[in-house]
Amino acid sequence: MNRQYIDFETYSEVDIKKVGGYNYATHPSTQIICFSYGLDEGPVDLWTPAKGDPPEVVLDSFADGLWFTAHNAGFDWRIWNFIGHKQMGWPRVP
């Protein structure tokens, strides 16, 4: 199937229900607490900022053009790109 599953957990001083997803993801206080990830039907693992760069399996799957799949994909895409990419130097996810 070739899908990379991602699910972020975040913290922010703003309420996403009041400010909306874009404003939440771009707010200076918003940060990544952790994200879970899994490839296809494989095991699910957990990444935290204390571990440094995102796992190679996640970066490789995006570089290989695998589908980015998430329960709330719009939210997870924003968090990856606005915090992971812009603030932490991760590769951009199209």
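Q: Which residue just after α4 takes a positive phi, and of about what value?
A: Look right past the end of α4 in this predicted model. The residue there is G89. Its phi is positive, at about 80°.

Q: How far apart are the end C-alpha atoms of α4?
A: Helix α4 covers residues 73-88, which is 16 residues. A straight helix would reach 22 Å at 1.5 Å a residue. The ends of α4 fall short of that, at only 20 Å.

Q: Which residues of α4 are buried, and which elements do they pack against?
A: The buried set in α4 is F75, D76, I79, W80, N81, F82, I83 and G84. As for their partners, these buried residues pack against β1, α1, α2, β2, α3 and β4.

Q: Which element gives the largest share of the largest nonpolar core?
A: As a rule, nonpolar side chains in soluble globular proteins tend to be buried together. Here the largest nonpolar core has 19 residues, and I6, F8, F35, I79 and W80 have the most contacts inside it. β1, α2, β2, α3 and α4 each supply at least two of its residues. The largest share, five residues, comes from α4.

Q: What does I79 touch, leaving out residues up to four places away in sequence?
A: I79 is one of the buried residues of α4, and it is also among those with the most contacts inside the largest core. With those sequence neighbours left out, it touches F8, T10, Y24, A25, T30, I32 and G84.

Q: In what order do the four strands of the open sheet run, and which are the edge strands?
A: The pairing in this sheet is mixed, and the order is β3-β2-β1-β4. The twist averages 30° from one strand to the next. Two strands pair on one side only, and these edge strands are β3 and β4.

Q: In which sense do β2 and β3 pair, and in which sense do β1 and β4?
A: Strands of a sheet pair through backbone hydrogen bonds, either parallel or antiparallel. β2 and β3 have four bridges in the antiparallel sense, and G38 stands opposite V44 there. For β1 and β4 there are three bridges, with the pairing parallel.

Q: Which residue in the hairpin of β2 and β3 takes a positive phi?
A: The hairpin has four residues between the strands. The phi in question is near 50°, and the residue is D40.

Q: At what angles to β1 do α3 and α4 run?
A: α3 lies across β1, β2 and β4, running at about 125° to β1. α4 lies across β1, β2, β3 and β4, and its angle to β1 is about 75°.

Q: Is Q4 buried or exposed, and with which side chain does its own side chain make a polar contact?
A: Q4 lies in strand β1 and stands opposite F68 in β4. Its relative accessible area is 0%, so Q4 counts as buried. Among the residues Q4 touches are Y37, V57, S61 and W67. The polar contact, at 2.9 Å, is with the side chain of S61.

Q: Why does C34 count as buried, and what is its C-alpha separation from S61?
A: C34 sits in strand β2, where it touches D7, F8, E9, L46, W47 and T48, apart from residues up to four places away in sequence. It counts as buried because its relative accessible area is 13%, and the cut-off is under 20%. C34 and S61 are 27 residues apart along the chain, and their C-alpha atoms are separated by 19 Å.

Note on methods:
Residues numbered from 1 in each chain as written. Predicted model: local features only at pLDDT ≥ 70, side-chain atom pairs only at ≥ 80, totals over all residues. Heavy atoms only, no water. Expected span 1.5 Å × (residues − 1). Buried < 20%, exposed > 50% of the residue type's maximum accessible area, 1.4 Å probe, protein only. Contact = heavy atoms within 4.5 Å. Pairing = 2+ DSSP bridges. Polar contact = N/O pair within 3.5 Å; in protein donor to acceptor, adjacent residues only side chain to side chain. Core = buried A, V, L, I, M, F, W, Y, C linked by side-chain atoms within 4.5 Å. Axes fitted to C-alpha atoms, helices over the stretch in contact; angles between N-to-C directions.
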